[in-house]
Amino acid sequence: MERARPDFYLAAAFLALLAFVVVFGPWLAPYDPLSQNLRNPFGPPTWANWLGTDNLGRDVLTRLMIGARPALTGVLLAVATASLVGVPWGLSAGYIGGLFDNVLMRIADALLVFPGLILALVLTAVFGPSLKTSMIAIGFVFSPILARVVRSGVLVVRNRDYVQVTKLYGLSGWHRMWRHVLPNAAAPIIVQITLLMGLSLLAQIGLGFLGVGLQPPNPSWGSALAESFPYIIVSPHASLAPGIVVVLTVLSLYRIGDELRDRFTRD
Amino acid sequence: MPVVSRVIALMLLSAALLQPRASLAGASNNVLTIGLATEPFTLYPAMGVGGTDYPYLYSLFARLLTFDPQTLEPRPGLAESWEFSPDKRTFKLKLRENLTFQDGTALDAEAVKASLMNFKENGRVQDLEVVEAIEVTDSRNLVIKLNRPYSPLTAILADRAGMIISPTALKAAGKDFDRKPVGAGPFMIKTWTAGSNMELVRFPNYYDKDKIKLNGMVFRFIANAPSLASAVLSGQVDYAFGLDPKNLPALKANPRLRVAIEPSLSLNQIGIYLGLPPMENVLVRRALSMSIDREVLRDAMLGVGAGEGPTANMVPPTQAFKNSPQFAESIKYDPVKAKQLLAQAGFPNGLTLRICATNGGVGTGTDITDIEREQMRPAGINLDVVVMNSSACLQAYNLKHEFQLWQGGWSGRPHRFMTYSQYFGTNGQYNKARTKFPGVDEALEKIAATDDLEQQEVLFAELDRIWVEQMPVLPLFWRPNFSAYSTQIAGEMPNAQGKPDPTTIYFIANEKKK
């Protein structure tokens with residue numbers, strides 16, 4: 001089997017480190033994420049504060065470590081919502097076909113033309129701002145993308161011999177759809193999910209920046225960017241640390257997605 | 001400026017440049033470009049409530065009376081003279097000669113009556129509720145009859161209610177008047193592109209036209225604080241008002257700019273809705289006030305020592321009260337005493353209070369609530385912060401009453417009476433729970449009935465005292481105006497109210513040529 005390029009291992013290592021921080025962050029963080037030192041706003045990186053301090057003199061590294069958990073659990077929540085809605089949606093549309101397929105896909109098209117972040121903002125305005133609401137909203141917004149991918153995969157495999165032969169055995173349509181069609185159309189779905197992970201993290205950061213994600217006092221990557229942004233002219237370094245962490249995470253997720261796609265294509 | 005800052009300023013500027021600069025702007029055409037953070041909510045004076053509309057309103061509408069921008073004393077406007085009857089129940093006004101509106105309609109006593117009655121009957125604020133009838137004596141004279149003695153009327157006629165609107169334009173535009181405003185101010189509206197800019201041109205028949213040097217003005221709406229600072233740093237706007245103090249070091253370092261920090265009547269506050277328990281309990285409100293270190297908040301929001309300092313009053317307190325121990329006590333941070341007060345109020349284990357905050361402004365979002373939460377913790381108060389956009393936040397607090405507290409600001413009013421009656425009077429528009437505070441309505445009535453300044457001062461000192469005892473709202477610190485002007489312009493008026501009137505600004509080079 002062909003070996004992956006080194007950047008794949010770098011991406012995997014970064015995500016593994018992030019997963020470690022998600023689990024053990026609260027015990028590893030050097031300071032209390034809420035503890036302020038108003039005499040030291042925007043302190044530069046030092047031995048005491050490796051990534052410097054924020055506008056209220058709080059340790060940036062600590063806040064990023066504590067913020068990793070809501071960031072990644074939020075991503076999982078969004079992707080789970082998108083999968084729970086999008087997979088049955090695309091699977092049934094592709095498998096049943098006809099008018100049913102047409103109706104479901106037109107609904108998907110209608111949702112896709114609507115700007116995703118705006119729809120998520122509307123949903124959080126209705127149900128109240130919180131990480132859970134905003135990430136479920138994002139998952140819902142992304143579900144038609146997944147539905148389209150699932151449907152395309154299903155259209156390819158639904159008339160294959162190994163599917164048709166199950167009819168001879170008298171197996172139910174339900175069984176056929178879930179046990180024989182879906183697993184064989186799974187490859188593009190998995191790739192799409194990794195891409196959606198990156199997209200939902202970016203959307204989460206956007207909503208957090210606008211103040212409708214995780215609510216204070218909990219530190220989040222989006223609020224870290226929002227809090228440092230007003231100072232961007234006089235203290236530009238303050239936005240760098242949260243910005244770099246977000247960029248690296250999204251790039252790593254995409255790199256994993258690329259690798260999975262390549263492997264599935266080769267197989 | 002360091003290189004990184006320059007790059008970022010350039011990036012922000014390029015975003016700002018995506019908005020087309022109005023074609024006529026610039027010194028060569030004598031058109032001033034002004035950067036403001038807020039687009040007007042409405043240009044129909046009777047329908048407005050937001051303090052940020054004033055720079056636009058001052059440019060478009062002439063007022064019956066004006067006020068000295070420094071002392072806030074009444075001055076002539078459309079009316080050249082005025083007089084109260086001895087019992088303060090009749091107010092006579094004499095208009096200037098040959099006044100017209102921007103649409104050519106004659107601005108006479110009948111037009112003034114129509115404008116005032118429209119404000120009284122349809123206005124969103126109750127400023128003219130005291131007016132019983134208006135009699136037109138002749139084309140330049142009118143008599144306003146009041147239902148009770150009311151000396152603050154002069155301040156009210158120098159505010160929104162006194163902005164006289166064209167009856168012809170109102171009839172033609174109806175509810176659209178807010179997009180097609182016609183007054184008799186120094187400038188007329190030319191275009192208003194929502195979300196981008198507004199162009200105004202000079203009104204040649206303005207009554208005080210000699211004071212107006214510009215041919216036109218362009219207001220650019222730049223909500224984002226770093227972008228507003230970048231726009232003035234790069235010369236895209238000649239004057240920016242409402243700048244974030246966080247950007248002052250970069251602005252001060254620019255030799256092409258003049259930075260002005262002016263004291264004003266505006267302040268940062270924590271609003272309280274007294275209709276939600278336990279905020280009706282005065283002990284809880286006092287404990288809350290004592291659990292805030294106002295000085296630390298001021299230093300963190302505006303810069304160390306900036307502005308006029310911490311305050312527990314909504315108006316600059318009378319001298320008598322400012323020298324009293326009660327005043328010093330009212331702005332002292334004392335979490336231990338706050339905890340005791342909470343125990344007395346029935347909360348020995350502390351309590352949780354919900355506050356709505358808005359990110360984006362100075363001292364209205366998590367920039368300030370994060371500090372407040374830590375300050376309140378030793379007093380046993382857990383501040384539960386929810387961040388929303390500003391209109392959703394105001395709606396949730398003011399109309400739906402979902403929050404006990406609101407993190408916001410106050411732009412001030414030209415007369416102390418207006419601020420106190422709006423917040424403290426039983427029927428005040430910001431006293432949402434209609435709480436009756438002992439002695440307040442009586443003191444307000446007495447102030448309204450006299451124009452003896454000494455007597456008023458004694459009554460205001462009494463109101464100051466009751467205010468800090470009751471703490472119906474928690475004022476935090478005075479907020480100066482932070483503005484930046486290009487060194488090519490001059491002529492701006494002082495602005496104690498925090499509501500700039502940009503109409504007298506001019507380009508120095510153009511005036512020298514004359």
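This is a tour of a predicted model, going through chain A, its contact with chain B, and then the sheet and loops of chain B.

**Chain A as a whole**

Begin by showing chain A alone. Its secondary structure amounts to 10 helices and 0 strands, so the pattern along the sequence reads α-α-α-α-α-α-α-α-α-α under the DSSP run assignment. Measured out along the principal axes, the C-alpha trace covers about 75 × 50 × 30 Å. Chain A has 267 residues, of which 44% count as buried. Among its contacts with a separation of 6 or more, 70% are between residues 24 or more positions apart.

**Helix α2 of chain A, at A:A68**

Select residues 60-96 of chain A, which form helix α2, and centre the view on A:A68, which belongs to that helix. Is A:A68 buried or exposed? A:A68 is buried: 24 other C-beta atoms lie within 10 Å, and the cut-off for a buried residue is 20 or more.

Next, display the residues around A:A68. Apart from neighbours within four places in sequence, A:A68 contacts A:L18, A:V21, A:V22 and A:G25. To check one of these by distance, pick the C-alpha atoms of A:A68 and A:V21: they are 7.0 Å apart in space, while the two residues are 47 residues apart in sequence.

**The loop before α2**

Move to A:F42, in the loop between α1 (6-28) and α2 of chain A. The point to look at here is the backbone. A:F42 has a positive phi of about 50°, and it is not a glycine. A:F42 counts as partly exposed, because it has 17 C-beta neighbours inside 10 Å.

**Helices α4 and α5 of chain A**

Now select residues 116-127 and 131-157 of chain A, helices α4 and α5. Their axes come within 9 Å and cross at roughly 140°. That angle makes α4(A) oblique to α5(A), since only angles over 145 degrees count as roughly antiparallel. The crossing of α4(A) and α5(A) is right-handed.

Show the side chains where the two helices meet. On the α4(A) side they belong to A:G116, A:L119, A:A120, A:L123, A:T124 and A:F127. On the α5(A) side they belong to A:T133, A:S134, A:A137, A:I138 and A:V141. By class, this contact of α4(A) with α5(A) has 7 nonpolar and 4 polar residues, and no charged ones.

**Where chain A touches chain B**

Bring chain B into view and select the residues in contact between the two chains. How many residues does each chain supply? The contact takes 21 residues from chain A and 28 residues from chain B. On the side of chain A that touches chain B, helix α9 (residues 221-228) of chain A gives the most, with 3 residues. Coloured by class, this side of chain A shows 15 nonpolar, 5 polar and 1 charged residues.

**The sheet of chain B**

Hide chain A and select the 7 strands of chain B that form an open sheet, in the order β8-β9-β10-β1-β11-β18-β12. The pairing in this sheet is mixed. At the edges stand β8 (187-193) and β12 (257-262) of chain B; each has a single partner strand, so one side of each is left without a neighbour in the sheet. From one strand to the next the twist averages 20°.

Within the sheet, take β10(B), residues 216-221, and look at its two partners in turn.

- Strand β9 (residues 197-202) of chain B pairs with β10(B) in the antiparallel sense over 5 bridges; here B:M198 has B:F219 as its bridge partner.
- Strand β1 (residues 31-36) of chain B pairs with β10(B) in the parallel sense over 6 bridges; here B:L32 has B:M217 as its bridge partner.

Step on from β1(B) to strand β11 (residues 239-241) of chain B, which runs parallel to β1(B) and is joined to it by 2 bridges. B:I34 stands opposite B:Y239 of β11(B).

**Two loops of chain B**

Select B:N30, in the loop between α1 (3-17) and β1 of chain B. B:N30 has a positive phi of about 60° without being a glycine. With 18 C-beta neighbours inside 10 Å, B:N30 counts as partly exposed.

Finish at B:P278, in the loop between β13 (267-272) and α8 (282-290) of chain B. The peptide bond joining B:P277 and B:P278 is cis, with omega about 0°.

Terms used. Residues numbered from 1 in each chain as written. Chains lettered and ligands numbered in written order. Predicted model: local features only at pLDDT ≥ 70, side-chain atom pairs only at ≥ 80, totals over all residues. Pairing = 2+ DSSP bridges. Helix = DSSP H or I, 4+ residues; strand = E, 2+ residues; numbered from the N terminus. Contact = placed C-beta atoms within 7 Å. Nonpolar A, V, L, I, M, F, W, Y, C, P; charged D, E, K, R; others polar. Axes fitted to C-alpha atoms, helices over the stretch in contact; angles between N-to-C directions. Parallel < 35°, antiparallel > 145°, perpendicular 65-115°, else oblique. Left-handed = near helix turned anticlockwise from the far one by under 90°. Buried ≥ 20, exposed ≤ 12 C-beta atoms within 10 Å, placed from the backbone.
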